[in-house]
Amino acid sequence: MSRCIFGARISLSVATSVVILSLGVGIAIGSLAGFYGGWLDTVLNVYLINAFMAIPGILLAIAFVAFSGPGFGNLVAALSLTMWTGFARLVRAQVAAAAQMEYVEAARTLGASDLRIIVRHILPNILQPVLVQAALGLATAVLSEATLSFLGLGAPPPAPSWGNMLNDARSHLFDSPHMVLFPALAVMICVVAFNFLGDVLRDAADPRRKATVALPAEA
């Protein structure tokens with residue numbers, strides 16, 4: 001039980017770091033592509049993002065960690081390489097839609113710079129779907145970290161994480177099944193919890209759901 005509890009620190013630290021790093025890269029690239037469009041959008045969206053999405057994420061992460069060696073920093077970098085594209089695609093679509101709104105045109109007319117328009121006017125208005133994607137990304141990062149640790153490419157021993165605990169317990173599956181059961185339950189509960197969090201945030205951000213709740217009950 002102590003190793004399961006302590007392993008949560010490593011798994012959640014990796015997942016949080018991956019989402020923060022991926023979100024930062026995705027917001028930067030997606031904002032540039034969505035706001036300016038044209039040839040820059042073609043380069044960033046069509047070529048760069050599609051090039052990363054064409055490679056299976058887990059294979060790219062395995063190759064990166066195998067080349068650079070296991071460790072916390074390399075694990076975060078490897079998983080971030082596979083996750084930033086989803087954030088970039090989402091931010092690009094949201095920024096491209098928001099850039100056509102009247103308040104952006106008003107800010108541009110008043111002489112606001114492009115950076116100020118993006119940071120002060122556009123990004124705060126697209127924050128809700130990005131937060132939903134981030135919550136779902138935490139679940140993906142926890143599962144990916146457990147997969148790499150199970151393959152021996154995560155945090156090196158003796159540091160416990162749920163993935164390498166499952167790897168260590170494989171040989172004791174039949175004589176001590178609890179060694180496999182509890183780390184697996186921890187991963188499952190954590191992933192399901194983050195998915196539920198994403199669903200709650202999505203429902204809270206849905207204006208149609210708010211309008212339905214606000215309607216008076218029929219007699």
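Two residues are in contact here when heavy atoms of theirs lie within 4.5 Å of each other. Keep that in mind for the stop at Ser11. One more thing before you click around: this is a predicted model.

**The whole chain**

Start with everything on screen in cartoon view. You're looking at 10 helices and zero strands, so from the N terminus on, the order of elements is simply α-α-α-α-α-α-α-α-α-α. Turn the C-alpha trace along its principal axes, and the spans come to about 70 × 60 × 25 Å.

Now switch on the surface. The chain exposes about 12300 Å², with carbon and sulfur atoms supplying 69% of that area. Of its 219 residues, 38% count as buried. Among contacts with a separation of 6 or more, 74% are between residues 24 or more positions apart. If you like colouring by charge, try that too: there are 12 positive and 11 negative charges, and their mean positions are 4 Å apart.

**Ser11**

Next, select Ser11, which is found in helix H1 (residues 2-36). Is Ser11 buried or exposed? It's buried, at a relative accessible area of 0%. Show the side chains around Ser11. Leaving out residues up to four places away in sequence, Ser11 touches Glu145, Ser161 and Trp162. Zoom in on Glu145: its side chain makes a polar contact with the side chain of Ser11, at 3.2 Å.

**The aromatic pairs**

How many aromatic pairs does the structure hold? There are two. For one of them, select Phe35 and Tyr36: their rings sit edge-to-face, 5.1 Å centre to centre, with 85 degrees between the planes. Check the surface at this spot as well. Phe35 is buried, with 11% relative accessible area, whereas Tyr36 is partly exposed at 44%.

Then select Phe52 and Trp84. The ring centres are 5.3 Å apart and the planes meet at 75 degrees, so this pair is edge-to-face. Why does that angle earn the label? Planes over 60 degrees apart count as edge-to-face.

Colour by helix and you'll see where the partners come from: Phe52 is in helix H2 (residues 38-53) and Trp84 is in helix H4 (residues 72-98), so the pair ties together parts that are 32 residues apart in sequence.

Finish with the surface once more. Which of these two rings belongs to a buried residue? That's Trp84, with a relative accessible area of 6%. Phe52 counts as partly exposed, at 26% relative accessibility.

Note on methods
Residues are numbered from 1 along each chain as its sequence is written. This is a predicted model: local features need pLDDT of at least 70, side-chain atom pairs count only at pLDDT 80 or more; totals for chains, interfaces and linings use all residues. Side-chain values use heavy atoms; hydrogens and water are left out. Rings of Phe, Tyr and Trp (its six-membered ring) pair if their centres lie within 6.5 Å; planes under 30 degrees apart count as stacked, over 60 as edge-to-face and the rest as tilted. Buried means under 20% relative accessible area, exposed over 50%, partly exposed in between (1.4 Å probe, protein chains only). Helices (H or I, at least four residues) and strands (E, at least two) are DSSP runs, numbered from the N terminus. Accessible areas come from the Shrake-Rupley method with a 1.4 Å probe; for residues, only the protein chains shown count as cover. Lys and Arg count as positive and Asp and Glu as negative; His and the chain ends are not counted. The place of a charge is taken as NZ of Lys, CZ of Arg, CG of Asp or CD of Glu. A polar contact is a pair of N or O atoms within 3.5 Å; within protein, one must be able to donate a hydrogen and the other to accept it, and residues adjacent in sequence count only if both atoms are side-chain atoms.
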